[in-house]
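Please follow this protein from its contacts at one residue outward to its overall dimensions, keeping the coordinates at hand along the way.

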Amino acid sequence: MADDYLARIGKLIRDARRHRGWTQAQLAESLGTSQSAVNRMEKGHQNVSLEMIARIGEALDSEIISLGYSGPMHLRVVGGRPLSGSIDVKTSKNACVALLCASLLNKGRTILRRVARIEEVYRILEVLESIGVRSRWINEGNDLEIVPPMALDLDSMDEEAARRTRSVIMLLGPLMHRVDSFKLPYAGGCDLGTRTVQPHMTALRPFGLEVLATNGAYHATVDRDVSPQRPVVLTERGDTVTENALLAAARLDGETIIRNASSNYMVQDLCFFLERLGVEVEGIGTTTLRVKGRAEIDVDVDYAPSEDPVEAMSLVTAAVVTSSELTIRRAPIEFLEIELAVLAEMGLEYDSGPEYAADNGRTRLVDLTVKPSKLRSPIDKIHPLPFPGLNIDNVPFFAAIAAMAEGSTLIHDWVYENRAIYLTELNRLGAGVKLLDPHRLLVEGPTRWRASEMMCPPALRPAVVILLAMMAAEGTSVLRNVYVINRGYEALAERLNSVGAQIEIFRDI
């Protein structure tokens, strides 16, 4: 076998094993071989017979190991079907990746409950495992156990995995406590245009971290004699910027004040987790955080991140565009109130149940029942603001919703210069979306959706918007190469099918 073919087979085996929640040792025991042999197979360093591939597929109960399943994943959508019943919101993608990075602050064992089984999490886990962190899925694959090593092997970092996620930038804060110098590959992820990392550098410089970006990597050095002498003022109220500042402050012996901080959902989850580590955080939910760090953190911690408000908005949109009555359970209402207020102004009818606490004991959840409604365009434009404003990641869903409404809706996505462009792909499904400039869209409704075959946009939220619009379109649509959706959503097609959608997963053979 050619080396590249062996490497592809190895990656398929590794991904299927992780999806099952097994360690290499568990797979080896099932196959009657050694852990080192499984390790060689996964790295593409050992020939694998057809018989062995079949045995691995049987052991892992995974069709992905079957021959011909190594290509990209596609979705075939039979649209025009109403949804019904109820569907649960999964845990937050953005919180989970932040907590994975934060686990490096702790010398003890970290258990994260109901971690989202998504590609973004897998990429961060690949990076962590490559530098020596031990992780394993426990409790039938629902929870994740993380144990960091005494010393990190940063020279062995999986750069390919690191380049495929923007979340790798959040390793700057934790790593500065572990080593005096290190490098990280440039962050990747969605194609949303150029977003400067300068706010991260400005936020971390008062902690003694200097970063030089060159040759495709961030080269970081730490001056241990430097610590914040005044409040750290963030030049951008960004979520990951705030998280990096929190991660830097968490292991600083003393008090740090962070101003212009994001108070968004993933930041709050990180603050709750840091409190479990023994770090004191005042001002959670506000733009000023007062952090009393600990020079050493060595505790066994058990934490459950809250549900994802952006996934909740996705499911609300699924109900709206298919004119369905659907109950979205475990929706984090605090981070959806503005969106729901705008939708109510547009004529959406919905019921909201009593509030109850998420598993973290802090986040407020409700069960929402969305009802078929006749929508009209909003009086004002749709535009995001930092929390408690309309969430930037929820803006794209309003393109599909506006397409269902009577009238013209202006959508202003001022953060990303590329994302609005991808939403014009809705025109191929019958929508009337006009791009006014790289940040502004004019959506005319109502839309008579029609089926189409198209490539998946390379940005997560627009990709899901296209999928939801296909569910509204009579006939059969095809969405090709949906890896980007798997980055942020766990088993989305299967879960939508459970409430009445008809979405088939297939690959080219």
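Once neighbours within four places in sequence are set aside, I392 is in contact with P384, D413, V415, Y416 and R419. The model in which these contacts are found is a predicted one. I392 is placed in the loop between β17, which covers residues 364-371, and α14, which covers residues 397-404. One of its partners, Y416, is 24 residues away in sequence, and the C-alpha atoms of I392 and Y416 are 9.3 Å apart in space. I392 has a relative accessible area of 17%, and because buried means under 20%, I392 is classed as buried.

The loop that holds I392 deserves a second look, since P388 also lies between β17 and α14. The peptide bond that joins F387 and P388 is cis, with an omega of about 15°. F387 appears again in the surroundings of another loop residue, N264, which touches D239, F335, F387 and N391 when residues up to four places away in sequence are not counted. N264 is itself found in the loop between β10 (255-259) and α11, and with a relative accessibility of 6% N264 counts as buried.

A cis peptide bond is also present from G445 to P446, where omega is near 0°. P446 is placed in the loop between β20, spanning residues 440-445, and β21, spanning residues 453-455.

From N264 the chain leads into helix α11, and the packing of this helix can be taken up next. In general terms, two packed helices are described by the angle between their axes and the distance between the axes. Helix α11, residues 265-276, packs with helix α5, residues 93-102, at an angle of about 35°, and their axes are 9 Å apart. The crossing of α5 and α11 is right-handed. On the α5 side the contact is made by N94, A95, A98, L99 and A102, while Y265, M266, D269, L270 and F273 contribute from α11. Sorted by character, the residues of this contact of α5 with α11 comprise eight nonpolar, one polar and one charged.

Beyond the end of α11, V279 is found in the loop that leads from α11 to β11 (280-282). Is V279 buried or exposed? Its relative accessible area is 2%, and V279 is therefore buried. Its contacts, leaving aside neighbours within four places in sequence, are with A250, L274, V291, K292, G293, R294 and I297. Of these partners, G293 is 14 residues away from V279 in sequence, with a C-alpha to C-alpha separation of 5.2 Å.

Backbone geometry offers another route through the model, by way of positive phi angles in residues that are not glycine. E140 has a positive phi of about 60° although it is not a glycine, and E140 is placed in the loop between β4 (134-138) and β5 (143-147). R330 likewise has a positive phi, near 65°, in a residue other than glycine, but R330 is found in strand β14, residues 326-332. Their surroundings can be read from accessibility: E140 is exposed, with a relative accessible area of 80%, whereas R330, at 18% relative accessibility, counts as buried.

After β5 the chain enters the loop between β5 and α7 (159-163), where M150 is found. With a relative accessible area of 81%, M150 is exposed. M150 and R76 are 74 residues apart along the chain, and their C-alpha atoms are separated by 47 Å.

These local views can now be set within the whole protein, which has 18 helices and 23 strands. What radius of gyration would a compact globule of 509 residues have? Such a globule would have a value near 23 Å, and the protein has 23 Å, which agrees. Taken along the principal axes, the C-alpha atoms fill a box of roughly 65 × 60 × 45 Å. Buried residues make up 56% of the 509 residues. The accessible surface comes to about 20,400 Å², and 47% of it belongs to carbon and sulfur atoms. Among contacts between residues at least 6 apart in sequence, 74% join residues at least 24 apart.

Notes:
Residues are numbered from 1 along each chain as its sequence is written. This is a predicted model: local features need pLDDT of at least 70, side-chain atom pairs count only at pLDDT 80 or more; totals for chains, interfaces and linings use all residues. Side-chain values use heavy atoms; hydrogens and water are left out. Axes are lines fitted to C-alpha atoms, for helices over the stretch in contact, and angles run from 0 to 180 degrees between N-to-C directions. Helices (H or I, at least four residues) and strands (E, at least two) are DSSP runs, numbered from the N terminus. A crossing is left-handed if the near helix is turned anticlockwise from the far one by less than a right angle, and right-handed if clockwise. Contact means heavy atoms within 4.5 Å. Ala, Val, Leu, Ile, Met, Phe, Trp, Tyr, Cys and Pro count as nonpolar, Asp, Glu, Lys and Arg as charged, and the others, Gly among them, as polar. The radius of gyration is taken over C-alpha atoms; the globule rule is 2.2 Å times the number of residues to the power 0.38. Buried means under 20% relative accessible area, exposed over 50%, partly exposed in between (1.4 Å probe, protein chains only). Accessible areas come from the Shrake-Rupley method with a 1.4 Å probe; for residues, only the protein chains shown count as cover.
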